[in-house]
Amino acid sequence: MKTIKILALAALVAVAATACTKDTLSIRLLSEPMTGGAKILVDPTAVSNAQWVSGEQIDLNGSARTITQHGSAYYLDLDAPVDGALLAVYPASIDADGNSVTYSANTVTINNLNVDFVAGGHRIIFPMAAEAAAGSKSLKFDHLTGGLHLTLSDTATSSSYTLGSLRIVTYGDGSMATPIAPRHGVTATWALQGPAVPGGMVGETNGDVSVINASEMHFTFSTGGTPGKAIADGGSISFCVPITVGSVKTLEVTGYGTDGTQLFSRSKTLDAALAVQANTMYNIPEIEF
């Protein structure tokens, strides 16, 4: 389930597991919808809708398995039964299409994620994990992270832009960047979590900035697989991203063009710090540039 569509949803929808009629062994994939958000293919206007993406991979008991679609359901097709209890983690380690994620020693480490805008929303990875007894025919995945629903608005300039990448640094209220508690024994974290150098153009950072409680997040943007996401003069884009730390008070957002040129840098301090919980989407006030 690599790209997670994040939508707001107040209730967990239970889906009945059914057996696959194919000749191969199959495990059906289910997932909890994110409260105020959802999972794989994300529709920022309906944060409780999401779906798995066929062809992406899940780590099942240490081996990467490919997601397949049969009708409206999604499965892992197996060549042989899996011995013992099942532990599945989404995504399996990946380094492709702008996504760089590793899974090792019960930790999902995110280096970079791609936000790919497509019809109906955008694709982005939201790490998840699931456990089941030996021989189970379904896996219900739980989110390892919370989510931020962001809106970037080009209202302060008279130019249109094509956003190629984005760096977001979040600062909490406490002194440490404490990860969200593990689920199913698995933790998700951004690679740069702890001390971080303030971004922005020279001279834009005013006063003292604490860096010990930072989480640094990196994203590339594409449209239907083509690098870049256009933002018209006076227009805006909305998207959802995973957040792995338990507290967010301030966000520092720096945007770059497809050629790496810095386009803008803005800081947003919330009225009250967010106490971030897994499986919860948080709407961030509009960020203007």
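**Figure 1. Contacts across the whole chain.** Take the contacts in this protein with a separation of 6 or more, where a contact means heavy atoms within 4.5 Å: residues 24 or more positions apart account for 73% of them. This is a predicted model, so local features need a pLDDT of at least 70 and side-chain atom pairs count only at pLDDT 80 or more, while totals for chains, interfaces and linings use all residues. Residues are numbered from 1 along each chain as its sequence is written, and side-chain values use heavy atoms, with hydrogens and water left out. The protein has zero helices and 25 strands; both are DSSP runs numbered from the N terminus, helices being H or I with at least four residues and strands E with at least two. Of the 289 residues, 51% count as buried, which means under 20% relative accessible area, with exposed being over 50% and partly exposed in between (1.4 Å probe, protein chains only). The accessible surface comes to about 12000 Å², and 50% of that belongs to carbon and sulfur atoms; these areas come from the Shrake-Rupley method with a 1.4 Å probe, and for residues only the protein chains shown count as cover.

**Figure 2. How sure is the predictor?** The pLDDT, which is the predictor's confidence in each residue on a scale from 0 to 100, averages 82 for the protein, and 79% of the residues score at least 70. Over residues 1-23 the pLDDT is below 50, yet beyond near neighbours in sequence this stretch has 110 contacts in the model. Residues 200-207 also stay under 50, with ten contacts beyond four places in sequence. Where pLDDT is low, the predicted coordinates should not be read in detail.

**Figure 3. A closed barrel of seven strands.** Going round, the order is S1-S5-S4-S3-S6-S11-S12, with mixed pairing. From one strand to the next the twist averages 35 degrees, using axes that are lines fitted to C-alpha atoms (for helices over the stretch in contact) and angles that run from 0 to 180 degrees between N-to-C directions. Two strands count as paired if DSSP finds at least two bridges between them. One such pair is S4 (residues 63-70) with S5 (residues 73-78), antiparallel over four bridges; here threonine 68 stands opposite tyrosine 75.

**Figure 4. Strand S6 and its two partners.** S6 covers residues 86-90, and four of its five residues are buried. With S3 (residues 57-60), S6 pairs in the antiparallel sense over two bridges, and aspartate 59 stands opposite valine 89. With S11 (residues 128-132), S6 also runs antiparallel, this time joined by five bridges; leucine 87 faces glutamate 131 there. Just past S6, a cis peptide bond with omega of about 0 degrees joins tyrosine 90 and proline 91, and proline 91 sits in the loop between S6 and S7 (94-96).

**Figure 5. Inside the largest nonpolar core.** A nonpolar core is a set of buried Ala, Val, Leu, Ile, Met, Phe, Trp, Tyr and Cys residues joined through side-chain atoms within 4.5 Å. The largest one has 66 residues, and Leu139, Phe141, Leu152, Phe219 and Phe239 touch the most other members. Zoom in on leucine 139: leaving out residues up to four places away in sequence, the residues it touches include Ile27, Leu60, Leu86, Ala88 and Ala130. In soluble globular proteins, nonpolar side chains tend to be buried together.

**Figure 6. Strand S16, covered on both faces.** In S16 (residues 187-190), Thr187 and Thr189 are buried on one side, and Ala188 and Trp190 are buried on the other. S16 pairs with S9 (residues 107-118) in the parallel sense over four bridges. Look for threonine 107, which stands opposite threonine 187.

**Figure 7. Three loop residues.** Most residues other than glycine have a negative phi, and most peptide bonds are trans. Asparagine 61, in the loop between S3 and S4, has a positive phi of about 50 degrees and is partly exposed at 34% relative accessibility. Aspartate 97, in the loop between S7 and S8 (99-104), has a positive phi near 55 degrees and counts as exposed at 64%. Glycine 260 lies in the loop between S22 (247-256) and S23 (262-275) and is partly exposed, with a relative accessible area of 48%. Its C-alpha atom is 7.8 Å from that of serine 165, 95 residues apart along the chain.
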